[in-house]
Amino acid sequence: PSEYPDSNVITFTMEDNFNICNCYHCKLDEETYGATSASLIKFVNEVGRRVKAWSLLEENAEYYRPNFQIIYFAYNGYVDAPVKYNESKKVYEPSHPSMVLEDNTGVYLAIIDRGDFQFDFFNNPISNGGYSGNMGIKETIDSWGSLTNSIYLWLYQTNFALYPYFYDSFSFYNQPFYNYISSKG
């Protein structure tokens, strides 16, 4: 920690495709909790519990970081959160208490296909994008916000035609978007 004070996050990610696991257990978790991400949340939560227990052992005190996090890359087929929408309260709620992320875990959202970040975010929140086809950018962020207070965003601000060319990523998003993201921690 003293040598690398800013190295406090690791992420579990996947390849750049829409493949998902179709084994019996993953399909059962999807059916039980309502999203393909359920198995990954169970995995990341278990890793989070084990790492926390390990880091609290006296012999591992030199490695302890109070702000260490393990984050899950919610991307493509795994971008939907296992939540239900409470129509009367107008909020997303966990589909099951076990789907809430541990306090040392979080989510890294890559919302590539849910709308235009500049246009859709507040003007047209439901863009019919994404794996499930019924959530826009804001709804996806809000749904994960019911499971964790640690949300990272993979923001697509790259000049894909020429990677080393300067791209003004700060001006790409508007102030309301930055304010909203900031309000989510």
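Student: Which residues of α2 are buried in this predicted model, and what makes them count as buried?

Tutor: In this predicted model, the buried residues of α2 are Ala-38, Ser-39, Ile-41, Val-44, Asn-45, Val-47, Gly-48 and Ser-55. They are called buried because that word is kept for residues under 20% relative accessible area.

Student: What do the buried residues of α2 pack against?

Tutor: They pack against β1 (9-12), α1 (24-33), β2 (69-75), β5 (105-110) and α4 (137-145), where a contact is a pair of heavy atoms within 4.5 Å.

Student: How do you know that the span of α2 is close to the expected one?

Tutor: The helix has 18 residues and reaches 26 Å from its first C-alpha to its last. The expected span is 1.5 Å times one less than the number of residues, and for α2 that expectation is 26 Å, so the span is close to the expected value.

Student: Where does α2 stand in relation to the largest pocket, and how many residues does this helix give to the lining?

Tutor: Helix α2 (residues 38-55) gives the most to the lining of the largest pocket, with 4 residues. The pocket has a volume of about 260 Å³, and of the 14 residues that line this pocket, the closest to its centre are Ser-55, Tyr-64, Arg-65, Phe-68 and Asn-104. Ser-55 is also one of the buried residues of α2. By class, the lining of the pocket has 7 nonpolar, 4 polar and 3 charged residues.

Student: What makes the other space a cavity, and how many cavities of 30 Å³ or more are there?

Tutor: A space is called a cavity when a 1.4 Å probe fits but cannot get out, whereas a pocket is open. By this rule there is 1 cavity of 30 Å³ or more, and the largest cavity has a volume of about 50 Å³. Its lining consists of Ile-20, Cys-21, Cys-26, Lys-27, Glu-30, Thr-36 and Tyr-78, which by class are 4 nonpolar, 1 polar and 2 charged residues.

Student: Cys-21 and Cys-26 both line that cavity, so why is no disulfide assigned to Cys-21 or to Cys-26?

Tutor: A disulfide needs two cysteine sulfur atoms within 2.5 Å. The sulfur of Cys-21 is 3.6 Å from the closest cysteine sulfur, in Cys-23, which is too far for a bond. The sulfur of Cys-26 is 3.7 Å from the closest one, in Cys-21, and is therefore also too far for a bond. A search of the whole structure accordingly finds 0 disulfides.

Student: Why is Cys-21 called partly exposed, while Ser-2 is called exposed?

Tutor: Partly exposed covers the range between under 20% and over 50%, and Cys-21, at 34% relative accessibility, therefore counts as partly exposed. Ser-2, in the segment before β1, has a relative accessible area of 76%, and because this is over 50%, Ser-2 is exposed.

Student: What makes the phi of Asn-76 worth a remark, and is Asn-76 buried or exposed?

Tutor: Most residues other than glycine have a negative phi. Asn-76, in the loop between β2 and β3 (83-86), has a phi near 50 degrees, a positive value in a residue other than glycine. Its relative accessible area is 7%, which is under 20%, and so Asn-76 is buried. Lys-90, found in the loop between β3 and β4 (91-94), likewise has a positive phi, near 60 degrees.

Key: Residues numbered from 1 in each chain as written. Predicted model: local features only at pLDDT ≥ 70, side-chain atom pairs only at ≥ 80, totals over all residues. Heavy atoms only, no water. 1 Å grid on protein atoms, 1.4 Å probe; cavity = no way out; pocket = protein on both sides within 12 Å on 5 of 7 lines; lining within 4 Å. Points joined across faces, edges and corners; volume = space filled by probe spheres on them. Helix = DSSP H or I, 4+ residues; strand = E, 2+ residues; numbered from the N terminus. Nonpolar A, V, L, I, M, F, W, Y, C, P; charged D, E, K, R; others polar. Buried < 20%, exposed > 50% of the residue type's maximum accessible area, 1.4 Å probe, protein only.
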